[in-house]
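Welcome! Take a moment to look over the structure below, and then let us walk through it together, one topic at a time.

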Amino acid sequence: MDVESKSGRSFVRARAALVAGSLGLLLAVGGCGASGDSMDSGAKAADGKAAPREGFTDGDGGAAASAAPEEQAAGKKAAPKPGGTHVIRTATLSVEVKSVPKAVAAARGAAEGAGGLVASENTERLDDTYETSHLVLRVPQERFQEVLRELAGSGKLLSRTSNAKDVTDQVVDVESRISTQRASVARVRELMDQAEKISDVVALEGELSSRQSDLESLLAQQASLKDRTSLATITLDLTPPDAPGDDGSKDEDPGFLDALGGGWDAFVTMLRWIAVAFGAAFPFLLTAALAVVVWRVLRKRKAARGAAPVVTAAPAGKGGASAS
């Protein structure tokens, strides 16, 4: 009995120890798995905060993800692509050339060869030898610098100025206003088609005329901007090297004949001014002379009347009374 009870107790204890060991092992494995899961979830959460998935809108990560496209769009608007810019380029050149006609022909050929044109040309002859020319050339934007260098190298460059004005914002604004105005005109026309009263038709016609006028003005602005941004303007002045009045002309010292000629010119000028002054004062002098003559005539007549003989009575003679 005692032996059997002791063996039964030892078996129960061994079984309990085995069960306890198995539970401890299971708990240890479960703890490792839980820690691994927590680490994985933490890593995933960190990755989610650093780089949120597309379409995730919960929390700050979603706000950042939704704000990213807006920032990109704003960046595109703030810094447009180089191909989308619109610039007005102008330049002014003053060149001294040996032959003005040849330089004019070369400038015309350079502009037309680049796909441009001569907008205006004004040639002035100073005397029988010298002449100057003023040209306005229109060339494509992409050939602007090339034509400018060619014109500057055609002779002695006296002056050169160039500038560029970015009108991209103005072009975009005009295009937007044109789109809006066209839609407005279309709406008014739809209302006219639906109007039944004559008063409504008349009011809509006035509104349509006003909006159509505004649209035409915007289209004219667009055409002007397109012309000035597609073709650059070059103003060219061509002068010969020894033209009269040129800064490079030599000043000669005056001689005796020059002094004599200058004195004669001054004398003739003085006589001319004297004649002009006399002509201006002649009516007044003539009137004064006539007044003096009349005054002297009247004075003489008055003096003659005062000196006339006076009749007096004489003493009577023997024969009676006598008359003077």
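Strands β1 and β5 run parallel to each other, and seven bridges pair them. Please keep in mind that this is a predicted model. The tour starts with the sheet, moves on to the helices that pack on it, and ends with salt bridges and a surface patch.

**The sheet as a whole**

- In what order do the five strands of the open sheet lie? The order is β2-β3-β5-β1-β4, and the pairing is mixed.
- At the edges you will find β2 and β4 (156-166), each with a single partner strand, so one side of each has no neighbour in the sheet.
- From one strand to the next, the twist averages 10°.
- For a residue-level view of the parallel pair, find Ser94, whose bridge partner in β5 is Asp237.

**Strand β3 and its two neighbours**

- Why can we say that strand β3 (residues 131-140) is largely enclosed by the rest of the structure? Nine of its 10 residues are buried, so the surroundings cover most of the strand.
- On one side, β3 pairs with strand β2 (residues 117-125) in the antiparallel sense, over eight bridges.
- β2 and β3 make a hairpin, with five residues between the two strands.
- Two places to look along this pairing are Glu121, which stands opposite Leu135 in β3, and Leu117, whose bridge partner in β3 is Arg138.
- β3 is also joined to strand β5 (residues 231-239) by eight bridges, and these two strands run antiparallel.
- Here you can spot Ser133 opposite Leu238 in β5, while Leu137 has Ile234 in β5 as its bridge partner.

**Helices packed on the sheet**

- Helix α4 (residues 144-152) packs on the sheet and touches β1 (87-96), β3, β4 and β5. The direction of α4 makes about 10° with that of β1.
- Helix α6 (residues 198-230) packs on the sheet as well, touching β1, β3 and β5. The direction of α6 makes about 60° with that of β5.

**Salt bridges**

- How many salt bridges does a search of the whole structure find? There are six, and three of them are described here.
- Asp227 and Arg138 form one of them, with their closest N and O atoms 3.3 Å apart. Asp227 belongs to helix α6 and Arg138 to strand β3, so this pair ties together parts that are 89 residues apart in sequence.
- Are the two partners buried or partly exposed? Asp227 is partly exposed, at 35% relative accessibility, whereas Arg138 is buried, at 13%.
- Within helix α5 (residues 168-194), the side chains of Asp173 and Arg177 meet in a salt bridge with an N to O distance of 3.8 Å. Asp173 and Arg177 are four residues apart, about one turn of the helix.
- Asp173 is partly exposed at 39% relative accessibility, and Arg177 is partly exposed at 41%.
- In helix α6, Glu207 and Arg211 are likewise four residues apart, about one turn of the helix. They form a salt bridge whose closest N and O atoms are 2.8 Å apart.
- Glu207 has a relative accessible area of 35% and is partly exposed; Arg211 is partly exposed too, with 23%.

**Contacts of Gln181, and a look at Ser210**

- Gln181 lies in helix α5 and counts as buried, with 15% relative accessibility.
- Which residues does Gln181 touch, leaving aside its neighbours within four places in sequence? They are Arg211, Asp214, Leu215 and Leu218. You have already met Arg211 as the salt-bridge partner of Glu207.
- Ser210 is part of helix α6 and is partly exposed, at 40% relative accessibility.
- Ser210 and Val185 are 25 residues apart in sequence, and their C-alpha atoms are 9.5 Å apart in space.

**A nonpolar patch on the surface**

- Trp264, Phe267, Met270, Leu271 and Ile274 make a nonpolar surface patch of about 520 Å².
- One of these residues, Ile274, has its place in helix α7 (residues 256-306). Ile274 is partly exposed, and its relative accessible area is 48%.

Key: Residues are numbered from 1 along each chain as its sequence is written. This is a predicted model: local features need pLDDT of at least 70, side-chain atom pairs count only at pLDDT 80 or more; totals for chains, interfaces and linings use all residues. Side-chain values use heavy atoms; hydrogens and water are left out. Buried means under 20% relative accessible area, exposed over 50%, partly exposed in between (1.4 Å probe, protein chains only). Two strands pair if DSSP finds at least two bridges between them. Patches are made of residues with over 30% relative accessible area and no salt bridge: like charges are joined within 9 Å, nonpolar side chains (Val, Leu, Ile, Met, Phe, Trp, Tyr) within 5 Å. Accessible areas come from the Shrake-Rupley method with a 1.4 Å probe; for residues, only the protein chains shown count as cover. A salt bridge is a side-chain nitrogen of Lys or Arg within 4 Å of a carboxyl oxygen of Asp or Glu. Axes are lines fitted to C-alpha atoms, for helices over the stretch in contact, and angles run from 0 to 180 degrees between N-to-C directions. Contact means heavy atoms within 4.5 Å.
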